[in-house]
Amino acid sequence: TEIQTSGRAASLNPGQQEAVQKICRHLAVMAGPGTGKTRTLVSRIQYMLEHRKVKPSEITAVTFTNQAAGEMRERLKKELGARRISGLQIGTFHSICLHFLRREGMDFSLAGETQCKNIAGEAVSEAGLPFGSGKFLDVLSRKQAGMPGWERELGEPDGSGEKSNRECFRRAEELYRKKKREQKLLDFDDMLLETLRLLVNGTPAGKQFTCLLIDEFQDIDPLQYELVKAWDRQARELFVIGDPNQSIYGFRGADAGCFDRLKADVEKRGEEFCTVELTENYRSTPQVLEAAQKMQGCMPLHPNCPDGEPVRLVKAGSEMGEAIFIAKEIGRMAGGIGMLEAQELSGSRERKHRSFEEIAVLSRTHRQAELVEACLRKEGIPYIVAGRESFLADEKVQGSICFFRYLEHPEDQSAARTAAELLLKLSWNQVTEEMVRTMAEKYRPLYAKKKPGKFLEMWMEDLDLQKAEAMKKMAGMTVFYKTMPEFLLDLELGVESDLRRCGGKQYHSGAVTLMTLHGSKGLEFPAVFIYGAREGNIPLENEKRPADEEEERRLLYVGMTRAKEELILTCSGEESRFLAHLSGNALFREKEKPRKKEESCHQMRLFELED
Ligand code: ATP
Ligand code: MG
């Protein structure tokens, strides 16, 4: 990924050097993909520690994923040693707020997905709101994120039924809050809201946010923006970095206009605001860059990588045909088949040999990745699936997560209770409380000592969960962690690329990565496949909300710009409108012939999905 490959500060270009060294109360770097923004942010931290004598405890860096935070920390540790970075804070908004509240001595437990749903369910029915807990939480979250138009979900303002809907909603909201307070629970949004509340009330601990650095600034939502503003009031300097053309979380209220908004807010206070631009791309071949930029219509970046293969759009007869093509093509790239066949299939172009971990397959939705997954498995290709998939919402998985939390926080009665309800299917009383306590006594020492893989194996055997599909998938995640608390952190707070599982056997390197376009943000791979580049899929036709066409275009742009050397898009049916205007020079179109195999793979897929 981006950080592992970066070199020493000496190899920064002049723009990057300026972004690393410039001292300005507010400094914004807005630049395109692969221009070294993330790398620059890490170098800036290093520079602050080495040359500006800033204390590590004065620095807070915000990343979009736990994984990015971990990589930044590792890189700084390697450059400077563990001692020099002790006290340095790097994390997502949520993990930073969680730590902050804990350090402030606030007594609370984190409410997991199921707990929130349960409490919301009670609140909704007591308030007489005519929809389910899921929708209630969704609307509430949109309201709290400060998204305009959240009320529309409750119905049109002129209908007579609507007014009571709004009243019911307010009532449900109150009840939801009260119930959480009674059980000392905070949900995801609460962590940010509570931190904000403490900062606004001027807690002395707010002083620790002295130097702030924020990556992927284009994707922060209005609530996070408020938090940044509150931090900034106490801070000595704020450094934000991002790319408005890669803003892809508008559906959660993020707005690429946040750079302008920050500038306006800062200048209104009469304070200093500086910007730095980066225009050199170090990630992609000129071919990849040209296709991506023509598609998006943004200002071209200057390529620094040597020429590569043309960007291809492969048209297949069906989605299954696309998935099979991808699996076969990956097999060929990794040298799995004879040269003769390879030449016949790829029009005798000489291909570079690749290892599996150099390859990523990106799709618009998680559901689509399942088809590719089935075909990769069929071909015997090792893969990792990344993202918040639906198995994580499974009862047994959620119950296990609650139990693990109870192991880590013995005072968390609410977690113990939910674990009992979900895993043992028992209601909470003295007997079940005793049962859970006994179980916890057995598992607590193991939780602290055992490797996650071993721990989960014992756990699944004990509770007879080995056959549950969702639990098997959960077990596929453990190879990525050394300790159970690390694992729990990602289960609870992880986003997108944080949540990875192995398909089939336990391998965590040497595997192809499958993820959504959203999940691929900030990452890079030598070879990238984009699956389903057709009309109806990108932009995605969605019953719930109309597609924001420009946001969908930016999403495709994010996906295409992950590729370093090779980019292959596939589609069936009509190609995406975003690609249609690209000439044959920028995008090399080919037809994939249907294969006999298609059918057997199709059957196998049905078998697996039913399983
Ligand atoms: P994105 O917008 O996708 O997050 P980014 O702007 O954060 O991209 P990075 O991931 O930091 O870009 O860098 C992209 C690649 O370019 C990385 O492999 C990085 O090591 C490399 N790179 C960045 N700057 C330089 C440089 N000055 N010389 C050589 N390689 C560089
Ligand atoms: Mg980046």
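1. Gly202, just after helix H8, takes a positive phi of about 75°. This is a value from a predicted model, as are the others in this note.

2. Helix H8 itself covers residues 188–200. Its 13 residues should span 18 Å at 1.5 Å a residue, and the C-alpha atoms at its ends are 19 Å apart, so the two figures agree.

3. Which residues of H8 are buried? They are Phe188, Asp190, Met191, Leu192, Thr195 and Leu199. An α-helix has 3.6 residues a turn, so residues three or four places apart point the same way. The buried residues of H8 pack against two helices, H4 (93–103) and H9 (222–234), and against strand E5 (185–186).

4. Strand E13 (residues 383–386) is covered on both faces. Tyr383 and Val385 are buried on one side, while Ile384 and Ala386 are buried on the other. In a regular strand the side chains alternate between the two faces of the sheet.

5. E13 pairs with E15 in the parallel sense, over three bridges; here Ile384 has Thr513 of E15 as its bridge partner. With strand E14 (residues 500–502), E13 runs antiparallel, and three bridges join them. In that pairing Val385 stands opposite Arg501 of E14.

6. The loop that follows E15 deserves a comment too. Leu523 is found in this loop, between strand E15 (512–516) and strand E16 (525–530). Is Leu523 buried or exposed? Leu523 counts as buried because it has 21 C-beta neighbours inside 10 Å, and the cut-off for a buried residue is 20 or more. Leu523 lies 28 residues from Glu551 in sequence, and their C-alpha atoms are 19 Å apart in space.

7. On confidence, the chain has a mean pLDDT of 88, with 90% of its residues at 70 or more. Among the elements of the chain, E16 has the highest mean pLDDT, 98, and helix H13 (residues 339–345) has the lowest, 50. Over residues 1–9 the pLDDT is below 50, although this stretch has 19 contacts in the model beyond near neighbours in sequence. Where pLDDT is low, the predicted coordinates should not be read in detail.

8. For the complex, the predictor gives an ipTM of 0.99 and a pTM of 0.89.

Terms used
Residues are numbered from 1 along each chain as its sequence is written. Chains are lettered from A and ligands numbered from 1 in the order in which they are written. This is a predicted model: local features need pLDDT of at least 70, side-chain atom pairs count only at pLDDT 80 or more; totals for chains, interfaces and linings use all residues. Helices (H or I, at least four residues) and strands (E, at least two) are DSSP runs, numbered from the N terminus. A residue is buried if 20 or more other C-beta atoms lie within 10 Å of its own, exposed if 12 or fewer, and partly exposed in between; C-beta atoms are placed from the backbone. pLDDT is the predictor's confidence in each residue, from 0 to 100. Two residues are in contact if their C-beta atoms, placed from the backbone, lie within 7 Å. The expected span of a helix is 1.5 Å times one less than its number of residues. Two strands pair if DSSP finds at least two bridges between them.
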